[in-house]
Amino acid sequence: MLIQIATHQPQMLWSIVQGTPHWVWALLAALLWLGATQMLPRRVGLRRALLAPLALAAFSAWGLASAFAPEQAAGALLAWLLATALAAGASLALRRTPPAGVRYDAQALRFALPGSPVPLVLILGIFLTKYLVGVELALQPALAHDAALALAIAALYGVFNGIFLARAARLWGLARAGSQGARTIDSRLHAAPPRS
């Protein structure tokens, strides 16, 4: 219905935007800030690097569970998990290592990350999916019972989340390798006999 409104009654789009609760725009501003900060080189801890993909996965799961009727939500959540796993697997198969410029300091437990627009695009994709589904369901409440729509939205969320989780998995692998290397160096230093 949104496409029909946009093509036949574009003035209604402004009414939809005006009718959107203020907290939604505050959330969008926070997500834009989060995505924009990831476009700049930065240093982040392991927890923070892994938190964003997990938080956005939870946001996607909530988006599915809250949008669709219970009889559709369970299947949609399973489809989302499958799509997430497939997208993460494909992303990891295409690129096993983090992008150039990513470094992990095992002593400080921090990553040095180059800037990238990819997180911003994924964050906006998840937000816009949730927003547009919410608008569409407000205009056509019967769609909450549409299994095909629920599965399509679940797959879309899954692709976004899978790419994000693959990125986190690459960082986790780098951190594990860096920590093991630091432990090996540490044990060699402590095991070395004193020089005379």
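What is the mean pLDDT of the chain, and what share of its residues reach 70 or more? The mean pLDDT is 87, and 89% of the residues reach 70 or more. This is a predicted model, so let's begin with the part that asks for some care. Over residues 182-191 the pLDDT stays under 50, and for this stretch the model has two contacts beyond four places in sequence. Where pLDDT is low, the predicted coordinates should not be read in detail.

## The overall layout

The chain has seven helices and three strands. Followed along the sequence, these elements come in the order α-α-α-β-α-α-β-β-α-α. Of the 196 residues in the chain, 39% are buried. Contacts often reach a long way along the sequence: among those between residues at least 6 apart, 84% join residues at least 24 apart. The accessible surface of the chain is about 11,500 Å², and 70% of that belongs to carbon and sulfur atoms.

## Inside the model

Which residues of the largest nonpolar core touch the most other members? They are Leu64, Phe68 and Trp80, in a core of 31 residues. Helices H3, H4 (46-67), H5 (70-94), H6 and H7 (147-191) each supply at least two residues of this core. H6 gives the most, with eight residues. There is also a second, separate core of nine residues, and Tyr104, Phe111, Leu171 and Ala175 are among them.

Phe68 is a good residue to click on. Leaving aside neighbours within four places in sequence, Phe68 is in contact with Ala73, Val133, Leu143, Ala144, Leu149, Ala150 and Ile153.

Two of these partners, Leu143 and Ala144, also turn up around Leu137. Leu137 lies in helix H6, which covers residues 118-139, and with a relative accessibility of 13% it counts as buried. Beyond residues up to four places away in sequence, Leu137 touches Ala67, Leu143 and Ala144. Leu137 and Ala67 are 70 residues apart in sequence, yet their C-alpha atoms are 7.5 Å apart in space.

Another pair brought together across the sequence is Gly173 and Arg96: 77 residues separate them in sequence, and 9.3 Å separates their C-alpha atoms. Gly173 is in helix H7 and is partly exposed, at 33% relative accessible area.

## A buried glutamine in a loop

Is Gln38 buried or exposed? Gln38 is buried because its relative accessible area is 6%, and buried means under 20%. Gln38 lies in the loop between H3 and strand S1 (42-45). Apart from its neighbours within four places in sequence, its contacts are with Pro114, Gly115, Ser116, Pro119 and Arg167.

## The strands and their surroundings

How many salt bridges does the chain have? The count comes to one. The side chains of Asp105 and Arg43 form it, with an N to O distance of 3.9 Å. This pair links distant parts of the chain, with Asp105 in strand S2, Arg43 in strand S1, and their positions 62 residues apart. Both partners are in the partly exposed class, Asp105 at 31% relative accessible area and Arg43 at 44%.

Leu109 deserves a look as well. It lies in the loop between strand S2 (103-105) and strand S3 (110-113). Its phi is near 55 degrees, a positive value in a residue other than glycine. Most residues other than glycine have a negative phi. Leu109 is partly exposed, at 47% relative accessibility.

## A nonpolar patch on the surface

On the surface, Trp14, Val17 and Trp25 form a nonpolar patch, and together they have about 300 Å² of accessible area. Trp25 belongs to helix H3, which covers residues 22-37, and is partly exposed, with a relative accessible area of 31%.

## Accessibility side by side

Here are the partly exposed residues discussed above, ready to compare with the structure.

| Residue | Relative accessible area | Class |
|---|---|---|
| Trp25 | 31% | partly exposed |
| Arg43 | 44% | partly exposed |
| Asp105 | 31% | partly exposed |
| Leu109 | 47% | partly exposed |
| Gly173 | 33% | partly exposed |

Key:
Residues numbered from 1 in each chain as written. Predicted model: local features only at pLDDT ≥ 70, side-chain atom pairs only at ≥ 80, totals over all residues. Heavy atoms only, no water. Patch = residues over 30% accessible without salt bridge, like charges linked within 9 Å, V, L, I, M, F, W, Y side chains within 5 Å. Areas by Shrake-Rupley, 256 points an atom, 1.4 Å probe, with all protein chains shown as cover. Salt bridge = Lys/Arg side-chain N within 4 Å of Asp/Glu carboxyl O. Helix = DSSP H or I, 4+ residues; strand = E, 2+ residues; numbered from the N terminus. Buried < 20%, exposed > 50% of the residue type's maximum accessible area, 1.4 Å probe, protein only. Contact = heavy atoms within 4.5 Å. pLDDT = per-residue confidence, 0-100. Core = buried A, V, L, I, M, F, W, Y, C linked by side-chain atoms within 4.5 Å.
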